Amino acid sequence: MNKFLLLLFLLFLTTTSQAGMRMGEWGMVMNENHDKLPQGCAEIAGEENITIKAGREYAKEFPGTIFGYSQHEFKFPKCTKVNVTFINEDDIRHQFMIHGLPTYLHSEGMFHMELYGRGETKGSFITPKTEETYLAHCDIAQHMEKGMKAQVLVGGGSGNLPSIPGITGQLNKDRYDLDTSISNLAIIAVLFLLGFVISIFLVIQRKK
Amino acid sequence: MKKIPVIGLVISAMVLSTVALFLYDPSLVYARFFEYTGMPAYQAAPNSKPKPEIPPAIICDEDYPEWRKAYTIGGVNIQASDACNPDNPYEVAAFVRGTNNVIMPVLMRTQLSDDAVIKTNDRDGDGDPDDIIIRIEVVELNGRSPDSSELVPGFEIAPGIKPGAWVFAPKSRGMSTVNRDDLNANHLLRLPSAPIRVEAGDNVTLILENTHYFPHTIHLHGVDHSFENNDGVPQTSEEMTMPGEQHIYKIKPRHAGTMLYHCHVQVQVHMMMGLQGFFIVEENKPNNWVQTFNVGAGKVRKPSVAVLEDYAQEYDLHYQAIDTDLSDMIQESNDVRQLAKSMNRLYDITDGTDDYFMLNGRSFPYTLRESLITVEPNQHTKLRILNGMPDTLSLHTHGHKATITAYDGVDVNPLAQITRDVYSVTAAQRIDLDLYTKDDGLHSYGAGMWLMHDHAERAITTDGMAPGGNVSQIVYRKYLNKDAMPSGQGVNLTPYFTPEYYNREIPSWTLSDAFGFFDDVGDRRIDNYKDVLLVIVLGALAAVLFLLLVAFYGFFRGIAIKLNSAGVNDE
């Protein structure tokens, strides 16, 4: 019985490694691409190594968030092999997941690295030959919403994504109360008066 | 101004007002008017509005109906389920064997992490593992997104109803949503917090991995545990587990029974947001591989050895309530500091009222999809009941009187056991019931589709709309149709599966009411000479009032001019 299970297991290992998947007690890396060329790329033009750290430590910089990455924007040339070192500094699960990649290279267009706890893993993908901005995030419930969101710009990218910490603003905005301290009110009063006086002045000038 | 036109205008206004009153309802002017003139003419009430189109609704939405049958996976015998939405049998097998003991193809058919449930070492040599490591994460449902108004990850408790909630869930892997386009939560992330089962005498290591943005703990209510670093109370036994941290609870429970676990940080908020679940200690028996998690509660697909000695099947029934004043808070900001302030300091539970009532994380009609108790005649079914609501649960079983065999995990002396049809379960209390389907006029009145619900009537509604709330059924299997739904002689259930029904857009009896007696009333239209005259007279009255205003303006202007020429020098 056990031998049969082992055989099944080995069989399965071979099939999963073909599908580009490594999985264990440490976490998993899914849909890696080390050598398959994206459409239009004649060759792998270059190689880049990046290290991405994930954890609550990186949320400090952005008030109101809880989780974050050491870097929230990545820029790569086209047809470039990117070797990612992903480090998790928390005692919980974190992910680094890129979406929208070509589906003929990555199942569901996804390159996915996940660590079940504190630790480190490596994985690679090859950037396509299109100028595009890809979403990278941690898809654990509310981790992206609370700061674990980044963008990957290939060949200059195709614009920015919303609510990337430190880079772009929210589309569904949070509301904050106005600071009613003297200094803030004074600034508001001065600016308001400035607008008022300029308008009156212009009207008088025109009359003359 | 000349005086005569003003007096004329005033008289006209009075006359027109009187005419208008007479046209509207003469008895307002003179109470006995109709006694002298004869009764008013018949005027038909407005027609009904057309019956609303009932949008097509899916009654049973299951993607994997084959999961309903009985399975044997990795040597684990998994009972069949009659639910429309059955549990994934591969996940059940992984929970029973431990994620470390199942082969990869089984684990790949689940969404569990490899270290979710680790089972090793048969220390007492009785054929089952005794060192159990259980990892739990904290998950938000229906939270806010900074990118759109869509709630993530989504979880509907009833058609169109998505209250914010937090749950304990087994440690999983991959995406929290179904995929990048369907932002509903994957099936492991749901209300209620997953029931946990261990065996008495097990060395249980319960690891809380706080994946949420607030601090949490676990309090093992009623479960035998030592105090230091283990009681889950931030004021006494330990620090809170902050976001990104983990806490290890070590227990070796000596006493078996139905218990409960819940977060003990800001309990009035965290427990009511959903951080509460069954913690069941099963009796120590040989070859007793227990099902560590029962995701979504409901039927236990692999009951323990002790339960199967006395019962054919077992169900976990977790009752919860939601106050939308609290649950909406997490949907109003994405800034955790604002959330902490509103939930800890602005929410006042003493002013709170519950709006939604759930059985196993859903309200009617979704309870029909996964919380039916399906029975055969002459069968003993074990029901474990947990009241997670802040008020007493008055659970009523139609057609059956069940016997209370345990309170709070302690067996009732068999001679003193009570058999009744309303079971009162106070807040945080658990009772075990023996539901015996013997048609003897006492335990059961015979086969049928018998309702089972909280008899505090607000709990059979969803924010006041009935039928809703925690209504479910005890169904004899011959009444189930091929979609695993109960089918009887009652009304068509389709409207209840539409969000429009709970938005109060559909008349409650619309499909039963062929004559349209109770359709919505149309609004009044101008359709007789009196209404025509009334509107014309009101127009005339408005004109007269306008002219009066003009006259007054001229009068005051005249005074102003006189004052100016007398005292004040103009340029």
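In this predicted model, strand 2 of chain A, spanning residues 27–30, sends A:Gly27 and A:Val29 one way and A:Met28 and A:Met30 the other way, and all of these residues are buried. Such a pattern fits a general rule, since in a regular strand the side chains alternate between the two faces of the sheet.

On one side, strand 2 of chain A is joined to strand 1 of chain A by 4 bridges, the two running antiparallel, and together they form a hairpin with 2 residues between the strands; within this pairing, A:Arg22 stands opposite A:Val29. Strand 2 of chain A is also joined by 4 bridges to strand 8 of chain A, residues 111–115, again in antiparallel fashion, and here A:Met28 stands opposite A:Glu114.

Turning to the contact between the chains, 32 residues come from chain A and 38 residues from chain B. Helix 1 (2–18) and strand 1 (21–24) of chain A each supply at least two residues of the side that touches chain B, with helix 1 giving the most, 4 residues. By class, this side of chain A has 13 nonpolar, 8 polar and 11 charged residues.

The largest nonpolar core has 154 residues, and among those with the most contacts inside it are A:Phe96, B:Ile196 and B:Phe279. Strand 4 of chain B, residues 131–141, contributes the largest share of this core, 7 residues, and because domain 2 (114–348) and domain 3 (368–502) of chain B both give residues to the core, it lies between them. Leaving aside residues up to four places away in sequence, B:Phe279 touches B:Ile196, B:Leu220, B:Val223, B:Met259, B:Leu260 and B:Tyr261.

Terms used. Residues numbered from 1 in each chain as written. Chains lettered and ligands numbered in written order. Predicted model: local features only at pLDDT ≥ 70, side-chain atom pairs only at ≥ 80, totals over all residues. Contact = placed C-beta atoms within 7 Å. Nonpolar A, V, L, I, M, F, W, Y, C, P; charged D, E, K, R; others polar. Core = buried A, V, L, I, M, F, W, Y, C linked by C-beta atoms within 7 Å. Buried ≥ 20, exposed ≤ 12 C-beta atoms within 10 Å, placed from the backbone. Domains from an automatic or database assignment. Pairing = 2+ DSSP bridges.
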